[in-house]
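I opened the notebook to look up where empty space is left inside this protein, and then how its aromatic rings are arranged. The entries below follow the order in which I looked things up.

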Amino acid sequence: FVGRSGFLMFALPVLRLLLPLLASAAGTTNLKLGYCGTKLGSWTKCISAELAVSSINAGQVKRLEGAQYSENGTLLDFQIELVQREHNADKADGLMIVSDFSRDGFNAVLGCGYSSVTVDAATYGRASETVMIGYSATSPRLSNKDLYSYFLRLCTPDSAQARVFTDVMEANSWHQFVFLSTSDAYAQGLADYVAQLETERTDLQLKGTYQSVEFAADFTDKAVRLQKWGPAIDRLVKTRAKIWMICVAGQLTEKLYHFLAEEYAFLFGAGYVRITCETFAVSLSLMQAVVQSNNISTLGDFNVEPKSDSPVFKAFVERYKASSLDEFGDFCMCSADEVVSGKCENPDQSYLTNGEGVTGAYMDTTFDAVFSFAQASLNIMKRDVPFGDIKGKVLLDEILELEFQGATGAVSFDEYHDNYGGYCVNQADEHFNQICVWRWMGTLQ
């Protein structure tokens, strides 16, 4: 017995050293990461997820601390397998996607894009102890850890973006404004926080009028547009406010601007200012067609967008620009049927080298979401935890302890599982270039 015990005391440490080598010889073990999102209008986030996984697996952009790499840079400890599934802004679909990933034993899920979809999915995530890492869901509701304890995010919640809005108002001595948002979860938290700051910041003398409109309005028929949007716009016009804050879901931005240009062209006249949240940047190429076809100016347009200028983000953008569409799977690209039906516009190579392909919102948060998963998994693996057990509370607690310099800047999580990055307040020039006229990192600069 003593002999066997002594042998085991000697053999176990040796076995631990040999296991990584044996695993490497047999093929590197994969960690399974699910992506829940929509490709419609969200190519940048979809492609960013693929490229982030590819970069980390290949030891590019930013390497994991304590990891082993081959001579050509390949990560040896494990490889991340990314599986992507799509919803079309449908809550039931998003919940089903996360449910399927959980049932199939995935280590974690990125997603699910829109806040309206993520809220229901994160409720299931808590019940099933499925770690969900958000890259673009900004609703303050998701900071409620009693309801969404297994959700964390790299994107800054709307409560901070509301401060950007009011700081811009203060910097320009603007007081009266209107706030137009969609009636689903998108931007509703932002509207609530702007209203709260309006009450708290009495020194700014702000006076806002808030109006929501239907998310799923059919814009193919002019009569429907007038019926769905007309009354709401009319009520805001009657306030005579010149400052319009517009936060509607990304795919509606172009349609809304068409509608405003056709029916309310005076809103683009001298003295009027439109401040949008992220959607103007995302739809910039589409907006160009609206502007040119309606002979209006975007010089009064500002866009509040999460934006980083960190070295990691710049390296990721360079990797992005150097990519070719051949590197990516079919998931992020539109099928021929989708192009013919008009549901999607299949991007060409130029998509990766200009416009949204470089400046798209949430590129940085998507990279940091994947990196957080990878670094936490590596840390857990070094404690001899089996790969199949790198999930649930073990993974959640490890991610929440991370602190690193990522694409969004200095990454860390507060008690609400939120990470706070910076913003750019962009203005489009006459050539449709975005210029960051103010940067916000707690204060407006």
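**Entry 1, the largest cavity.** I looked up the lining of the largest cavity in this predicted model, and found that Leu154, Cys155, Thr156, Pro306, Lys307, Ser308, Asp364, Thr365, Thr408, Gly421 and Gly422 make it up. Sorted by character, the lining has three nonpolar, six polar and two charged residues. The space in this largest cavity comes to about 50 Å³, and the search of the whole structure returned five cavities of 30 Å³ or more.

**Entry 2, one residue of the lining.** I then followed Thr365, one of the lining residues, and noted that threonine 365 belongs to helix H14, which spans residues 363-381. Is threonine 365 buried or exposed? Its relative accessibility is 3%, under the 20% limit, so I entered threonine 365 as buried. I also looked for a partner of its side chain, and found that the side chain of threonine 365 reaches the backbone oxygen of tyrosine 362 at a distance of 3.2 Å.

**Entry 3, aromatic pairs.** How many aromatic pairs does a search of the whole structure find? I noted 14 of them, among them a tilted pair of phenylalanine 101 and phenylalanine 106, with 4.6 Å from centre to centre and 55° between the planes. Phenylalanine 101 and phenylalanine 106 are both buried. For phenylalanine 266 and tyrosine 272 I found ring centres 6.1 Å apart and planes at 65°, and because an angle over 60 degrees counts as edge-to-face, I entered this pair as edge-to-face. I checked the accessibility of each partner as well: phenylalanine 266 has a relative accessible area of 39% and is therefore partly exposed, whereas tyrosine 272, at 16%, counts as buried. I also looked for rings joined beyond a single pair, and found that ring pairs link Phe316, Tyr320, Phe367, Phe371 and Phe404 into a cluster.

**Entry 4, charges over rings.** Returning to tyrosine 272, I asked which residue has its charged end over this ring. I found lysine 242 there, with its charged end 4.9 Å from the ring centre, so that tyrosine 272 appears in my notes both under this lysine and in the edge-to-face pair with phenylalanine 266. In a further arrangement that I wrote down, arginine 63 lies over the face of tyrosine 69, at 4.2 Å from the centre of the ring.

Note on methods
Residues numbered from 1 in each chain as written. Predicted model: local features only at pLDDT ≥ 70, side-chain atom pairs only at ≥ 80, totals over all residues. Heavy atoms only, no water. 1 Å grid on protein atoms, 1.4 Å probe; cavity = no way out; pocket = protein on both sides within 12 Å on 5 of 7 lines; lining within 4 Å. Points joined across faces, edges and corners; volume = space filled by probe spheres on them. Nonpolar A, V, L, I, M, F, W, Y, C, P; charged D, E, K, R; others polar. Phe/Tyr/Trp six-rings, centres within 6.5 Å; stacked < 30°, edge-to-face > 60°. Buried < 20%, exposed > 50% of the residue type's maximum accessible area, 1.4 Å probe, protein only. Lys NZ or Arg CZ within 6 Å of the ring centre and 35° of its normal. Helix = DSSP H or I, 4+ residues; strand = E, 2+ residues; numbered from the N terminus. Polar contact = N/O pair within 3.5 Å; in protein donor to acceptor, adjacent residues only side chain to side chain.
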